[in-house]
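The following exercises are to be worked through with the sequence and the coordinates at hand. Each task is followed by a solution in steps.

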Amino acid sequence: MTISLIPSDRKLKDESISPEDQNKRIKGSILVKRGFAHMQKHGVIMDVTNVEQAQIAEDSGAVAVMVLDKLPFDVRKAGGVARTAGVKIIQDIMDAVSIPIMAKCRIGHISEAQMLETCGVDMIDESEVLTPADEVNHVWKWDFTTPFVNGAKNLGEALRRVEEGSSMIRTKGEPGTGNVAEAVNHIKILNREVRSVRSAYIDNDNQELIRLSREFKVSLELVNEVGRLGRIPVVNFAAGGITTPSDASFLMRLGCDGVFVGSGIFKSEDPALRARAIVLATTFYDDSKVLLEAQKMVDEKNSLLGLDTKNLDLRMQERGPQI
Amino acid sequence: MNKSITIGILSIQGDVEENVSAVQQSMDELNIEGNVIPIKDMSKIDMLDGLVIPGGESTVIGTLLFLDESQKEILRNKILNGLPVLGTCAGLIFLSKRAYDKRLGDTKQHLLELLDVTVERNAFGRQYESFENQLSVPAIGDDLFKGVFIRGPVITETGNDVEVLCRLEEKIVAVQQKNILATSFHPELADDYRFHKKLIELCLSYNESKSM
């Protein structure tokens, strides 16, 4: 088994599904939900706001599209409250492309999440790009049949989301800035923390492992699983500020399993070429020749100019529940 | 017989690592020496005794592999000339002659057009409808096999050379056409390596015939 099943399925425990019941289709199990995330690996998931963008994304080789009302860059510009995308746009995109469709719900907003599940999106992103609806609690994601992806700045945050039932993690970065520095920072912090768990696990240092579990505010079981695997137990993508093919390759080299691109593509002046170039740079991230070719496909003059992450009015990575 | 075999995993996109580990595990259990190598282009194709096309998005795998038309011909010829291949989910779609989607019609995607079947993509529905189900597959033994279907396709038409290995509620979900094995589900996620072992058996005889 190459998909971790830790922590065990909180939902199935309450339902009496016996393995002997051979003809029963088991939907929404941890294997089916995490399995979906595993199928996205080495791929690029692109933010889109209409049918035309979704078709460009599919044609250029996106593995899935994320439907939003406004791209993160425009969320910053517009201010006010950012909410989930309109149902009609989501349904129109479902009728136009064959790849999976994801959509964002506000942090903690159980009804937006429920609505997206009923609408039939393939994965729900409980996202800090939208204005958090609950400052204390995230959604209890085990209750859902549709898998969730959540953002994280460090290992503790990633594991807390996994413990709540998230099937996939992405870095938070600073969306809509065109600056990849925060995403790099987040994956490096997570990698460093995974290494410390791994070395405690190899040394059989149980006292250190339980100290780490208290520090991360998650179960010892989950910390032990990270130690055993040497990575988090779900797929881990990069997100937040990716703008060029080199950005995508850089984050893949830091150990990410794939890439989300938000404003970077459809806020540039050359979206179709750039989308294809970022897809190539993600698949062939370790092949310097292909990377050069991919980078040649985009003109830096067409990149999203971006924002300095040090002087932002809104730091999206810091909003929502702190635990 | 103490020869070593080499199996490639097409590593454009999808669950590559899960297939690497499933093949390695199968080799260990069968006590066979061999290498598993991820391949992103056709430069090492002549080294291979077998190939796995993993799960993922069939449109992405097709688009990226066919940027260079010569890659397509190299791979097609190799499989036509007997290279054993296992395609799971996206791999099945990519190997097939025709693919369509109930909602969108003909998906006009790049296909290898080697496996003489018509495939309906996302035939069980979107991710909400994805499921696990025990399957009966006599060709790999009496024990049931755990089928993990993730936005899985089904086979709606088969040609004369295609042997049906498994049906789920009358729908065809696993087939073999000589050296090509293909499943709608993900055997690499089942913790049961009988499909990968079946591929290795094909690889062993292919390796034999190569050296003759």
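**Exercise 1: An enclosed strand**

In β2(A), the residues V44(A), M46(A) and V48(A) point one way and I45(A) and D47(A) the other, and all are buried. Here buried means under 20% relative accessible area, exposed over 50%, and partly exposed in between (1.4 Å probe, protein chains only). Strands (E, at least two residues) and helices (H or I, at least four) are DSSP runs numbered from the N terminus. The model is predicted: local features need pLDDT of at least 70 and side-chain atom pairs count only at pLDDT 80 or more, whereas totals for chains, interfaces and linings use all residues. Residues are numbered from 1 along each chain as its sequence is written, chains are lettered from A and ligands numbered from 1 in the order in which they are written, and side-chain values use heavy atoms, with hydrogens and water left out.

Task: Establish how far β2(A) is enclosed, and identify the strands with which β2(A) pairs.

Solution.
1. In a regular strand, side chains alternate between the two faces of the sheet.
2. Strand β2(A), residues 44–48, has 5 of its 5 residues buried, so the rest of the structure largely encloses this strand.
3. Two strands count as paired if DSSP finds at least two bridges between them. β2(A) is joined in parallel to β9(A), residues 259–261, by 3 bridges, and in parallel to β3(A), residues 64–67, by 4 bridges.
4. M46(A) has V261(A) as its bridge partner in β9(A) and stands opposite V65(A) in β3(A).

**Exercise 2: The interface of the two chains**

Task: Describe the contact between chain A and chain B in terms of residues, area and polar pairs.

Solution.
1. Contact (heavy atoms within 4.5 Å) involves 49 residues from chain A and 44 residues from chain B.
2. The buried area is the accessible area (1.4 Å probe) that two parts lose on being put together, summed over both. For these chains it is about 3,900 Å², and carbon and sulfur atoms give 55% of this area.
3. A salt bridge requires a side-chain nitrogen of Lys or Arg within 4 Å of a carboxyl oxygen of Asp or Glu. The interface holds 8 salt bridges; one of them links K41(A) to E18(B), with the closest N and O atoms 2.9 Å apart.
4. On the side of chain B that touches chain A, α1 (16–30), α2 (58–65), β8 and β9 each supply at least two residues.
5. A sheet also spans the chains: 3 strands form an open sheet in the order β1(A)-β8(B)-β9(B), with antiparallel pairing. Its edge strands are β1 (26–27) of chain A and β9 (145–149) of chain B, each pairing on one side only.
6. β1(A) is joined to β8(B), residues 131–135, by 2 bridges, and K27(A) stands opposite F131(B).
7. The count of residue pairs in polar contact between the chains is 22, both residues being at pLDDT 80 or more. A polar contact is a pair of N or O atoms within 3.5 Å; within protein, one must be able to donate a hydrogen and the other to accept it, and residues adjacent in sequence count only if both atoms are side-chain atoms.

**Exercise 3: Charged pairs in chain A**

Task: Locate the salt-bridge partners of E157(A) and of D74(A).

Solution.
1. E157(A) forms a salt bridge with K153(A) at 3.2 Å between the closest N and O atoms, and another with K172(A) at 2.7 Å.
2. K172(A) lies in the loop between β7 (168–171) and α7 of chain A and E157(A) in helix α6, so this pair ties together parts 15 residues apart in sequence.
3. K153(A) and E157(A) are buried, and K172(A) is buried as well.
4. D74(A) pairs with K267(A), the closest N and O atoms being 3.1 Å apart. The two are 193 residues apart, D74(A) in helix α3 (72–78) and K267(A) in the loop between α11 (263–266) and α12 (271–283) of chain A.
5. D74(A) is buried at 16% relative accessible area, while K267(A) is partly exposed at 26%.

**Exercise 4: Backbone geometry**

Task: Find where the cis peptide bond before P7(A) lies.

Solution.
1. Most peptide bonds are trans.
2. The bond from I6(A) to P7(A) is cis, with omega near -5 degrees, and P7(A) is found in the segment before β1 of chain A.
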